[in-house]
Amino acid sequence: MSYTLLQGTRDHRPNSPILASLSEGYLNDLARDNGKLWFGTAADIPGTAEQTDKDYLRILTNPKNFGEITPANMMKFMYTEPQQNVFNFTGGDYVLNLAEKNGMRVRCHNLVWSSQISDWVTSGTWTAATLTAVMKNHIYNLVTHWGNRCYSWDVVNEALNGDGTFSSSIWHDTIGPEYFFLAFQFAQEAVKKTGKDIKLYYNDYGLESPGTKTTAAYNLVKELQARKIQIDGVGLESHFKVGGTPSVAAQVTAKKEFLDLGVDVAITELDVRFVAAPYYTAAGEATQAQNYYDSVASCMQVGRRCRGITVWDFDDKYSWVPSAFTGQGGADIYNETLQRKPAYYAIAEAITDVPCTVC
Ligand code: G3I
């Protein structure tokens with residue numbers, strides 16, 4: 001399956017009659033029409049320039065574009081529990097209110113991660129027992145506070161190294177590997193308290209094709225299931241480099257490995273960055289479009305239980321990439337002036353091209 005748009009065999013191109021009639025935005029509509037629960041995006045609001053950028057907000061809040069928002073930062077530990085047992089739900093509420101006003105889901109992100117943890121945690125003196133209590137209290141409070149306003153929670157984020165071992169974090173290094181299973185156990189208990197349907201996910205990068213790390217994640221799912229602890233899905237982040245994405249077949253195989261265990265999958269943080277400028281040549285954008293196509297096509301090909309596709313920032317204007325990787329950028333589906341790029345149309349084509357046999 002390859003992306004043919006740029007060869008002109010389909011008419012989803014900029015200024016085509018199809019697009020003109022749709023004026024702007026339709027990836028979520030297409031995704032919904034083809035068996036997905038959402039096409040979504042991360043958004044780093046409030047407290048950033050995005051919050052007051054009318055053009056950005058017009059695109060973000062159009063439910064034809066996006067049916068899901070993931071808060072890029074505001075539900076993370078350092079923002080939600082800045083002092084011990086003092087919770088701040090303001091940023092998360094802002095995202096939830098905006099999403100709900102526009103009929104969008106929210107994937108709540110995240111409960112336990114090595115990064116963006118409050119100073120009082122990282123500089124504290126803990127035993128396994130006292131830090132476990134901190135983790136439990138944090139999970140219970142967030143899950144019960146927002147209830148099923150969260151479609152899902154990323155319970156543990158990025159727990160694994162490339163070689164399949166647990167990565168270092170204050171949680172792991174203080175509590176030991178059990179922290180992973182305890183986090184899901186506490187999340188399950190908190191969900192039970194709410195009496196609501198809230199999906200619990202493990203979210204990581206490097207799980208998009210078969211390999212050591214993917215096998216390790218697969219084994220974590222199996223271990224949770226053996227212990228009868230709730231896990232509903234695995235988030236495949238899908239942060240890629242232009243020209244360096246796994247094949248459609250590899251991405252399909254990795255997804256099927258998880259689906260065969262009975263858990264859902266979702267593409268949770270898709271972007272495809274250039275490792276060096278220029279970011280906007282026709283050839284570069286064509287490769288990038290193909291890369292986006294391949295990833296979305298893999299989610300379509302495995303059927304309905306690849307639940308949705310979320311891009312991590314939809315635009316190069318506010319992308320997280322340049323500040324994280326010097327000299328890299330151009331990763332998103334809208335450019336720095338918020339115009340749609342070929343990748344946008346490639347996604348549209350991937351969604352409509354792939355017969356969904358199990359929808
Ligand atoms: O809050 C401060 C603000 O007070 C300060 O003025 C500003 C100056 O730079 O920085 C603000 O913090 C930034 C924060 O985002 C909020 O905007 C941090 O510097 C910045 O490092 C942080 O980056 C976030 C990154 O996670 C942290 O690791 C990105 O926005 C966010 O998109 C990114 O998201 C992660 C996912 O959670 C997990 N998967 C990978 C993904 C990309 O790294």
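**Ligand contacts and cavities in a predicted model**

Guide: In W312, a polar side-chain atom lies 2.9 Å from an oxygen atom of the ligand. The model is predicted: local features need pLDDT of at least 70, and side-chain atom pairs count only at pLDDT 80 or more, while totals for chains, interfaces and linings use all residues. Side-chain values use heavy atoms, without hydrogens or water, and residues are numbered from 1 along each chain as its sequence is written.

Visitor: What makes the W312 pair a polar contact?

Guide: A polar contact is a pair of N or O atoms within 3.5 Å (within protein, one must be able to donate a hydrogen and the other to accept it, and residues adjacent in sequence count only if both atoms are side-chain atoms). The W312 distance is 2.9 Å, so the pair qualifies. N73 also qualifies at 2.9 Å, as does Y79 at 3.1 Å.

Visitor: How many residues surround the ligand, and which are the closest?

Guide: There are 15, each with a heavy atom within 4 Å of the ligand; the closest are K76, H109, E158, E269 and W312.

Visitor: Why is a space called a cavity?

Guide: On a 1 Å grid over the protein atoms alone, a cavity is a set of points where a 1.4 Å probe fits but cannot get out. The search finds 2 cavities of 30 Å³ or more, the largest with a volume of about 40 Å³.

Visitor: What makes E158 a lining residue of the largest cavity?

Guide: Lining residues have an atom within 4 Å of a point; E158 is therefore counted in that lining, together with residues including V112 and W171.

Notes. On a 1 Å grid over the protein atoms alone, a cavity is a set of points where a 1.4 Å probe fits but cannot get out, and a pocket is an open set with protein on both sides within 12 Å along at least five of seven lines; lining residues have an atom within 4 Å of a point. Grid points are joined across faces, edges and corners, and a volume is the space filled by probe spheres set on the points.
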